Amino acid sequence: MKIRILTTFLLLTSVSLFSQSKRFVSVNVSGLLSTQSSLKPAFGIGYEEQVLKHHGYEFGLSYRSLTVENFMSINNKDWYINVNESYLSIPICYKFYSNIVNFTTGISFDCFLKGKYLTAVPNYEFKTYNIQPNLYVGWIFKIGKEINLNDKFILEPEIQYNPIFDYGYEFYGFTMKLKYKL
């Protein structure tokens, strides 16, 4: 009998804990700098779930790019060649909610999509640009503040910092996220 009462109590407690759950889908636009490039726009979508009053998670997909400068020797002459690299970034994060600001941290995966040469060299045609490996892992940190627009829409400006390991660059900047409560 005691086990049934304890089981019922635990079940009801766990249901009440998750009754605070809120789910959101979001679109975001970012202005990101990197250690290798000037300010570039980034775009993304996301899913977020606030499981408890102060705890939740989020993940998403975003497109971002950076311009890198490569040193090459072509036709016995040295050149600095600029290349625009494009990435699909997949962050998987824990989010801490508070009335003042929200903190987000987690792992990010950057998948190389393509590269485009921006510098032209006379009498030379570049081949396809590729890098290896084409998947990089980083860590992302964000601080944001929710602004309720109405009962379904929330605007959340964020500042972020995202170092990418083993590649030597970091993204940092400002993101404007529009969330829709499901």
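What pattern does the chain follow when it is read along the sequence? In this model, which is a predicted one, the chain follows α-β-β-β-β-β-β-β-β-β, and the inventory of elements is accordingly one helix and nine strands.

Let me begin with the chain as a whole. Of its 182 residues, buried ones make up 36%, while the area that the chain exposes comes to about 11200 Å², with carbon and sulfur atoms supplying 64% of that area. If we take the contacts between residues at least 6 apart in sequence, 59% of them join residues at least 24 apart.

Now to the strands at the start of the β run. Strand S1, residues 22-34, pairs with strand S2, residues 37-50, in the antiparallel sense over twelve bridges, and the connection between S1 and S2 is a hairpin through two residues. Within this pairing, Ser30 stands opposite Ala42 in S2. S2 also pairs with S3, again in the antiparallel sense, over eight bridges, and here the hairpin has four residues between the two strands. In this second pairing, Tyr47 stands opposite Phe59 in S3.

I would like to finish with one residue of strand S3, which spans residues 55-74, namely Ser65. Is Ser65 buried or exposed? Its relative accessible area is 11%, and because buried means under 20%, Ser65 counts as buried. As for what surrounds this residue, once its neighbours within four places in sequence are left aside, Ser65 is in contact with Lys40, Asn84, Glu85, Ser86 and Phe171. Of these partners, Lys40 belongs to the residue range of strand S2, 37-50.

Terms used: Residues are numbered from 1 along each chain as its sequence is written. This is a predicted model: local features need pLDDT of at least 70, side-chain atom pairs count only at pLDDT 80 or more; totals for chains, interfaces and linings use all residues. Side-chain values use heavy atoms; hydrogens and water are left out. Buried means under 20% relative accessible area, exposed over 50%, partly exposed in between (1.4 Å probe, protein chains only). Contact means heavy atoms within 4.5 Å. Accessible areas come from the Shrake-Rupley method with a 1.4 Å probe; for residues, only the protein chains shown count as cover. Two strands pair if DSSP finds at least two bridges between them.
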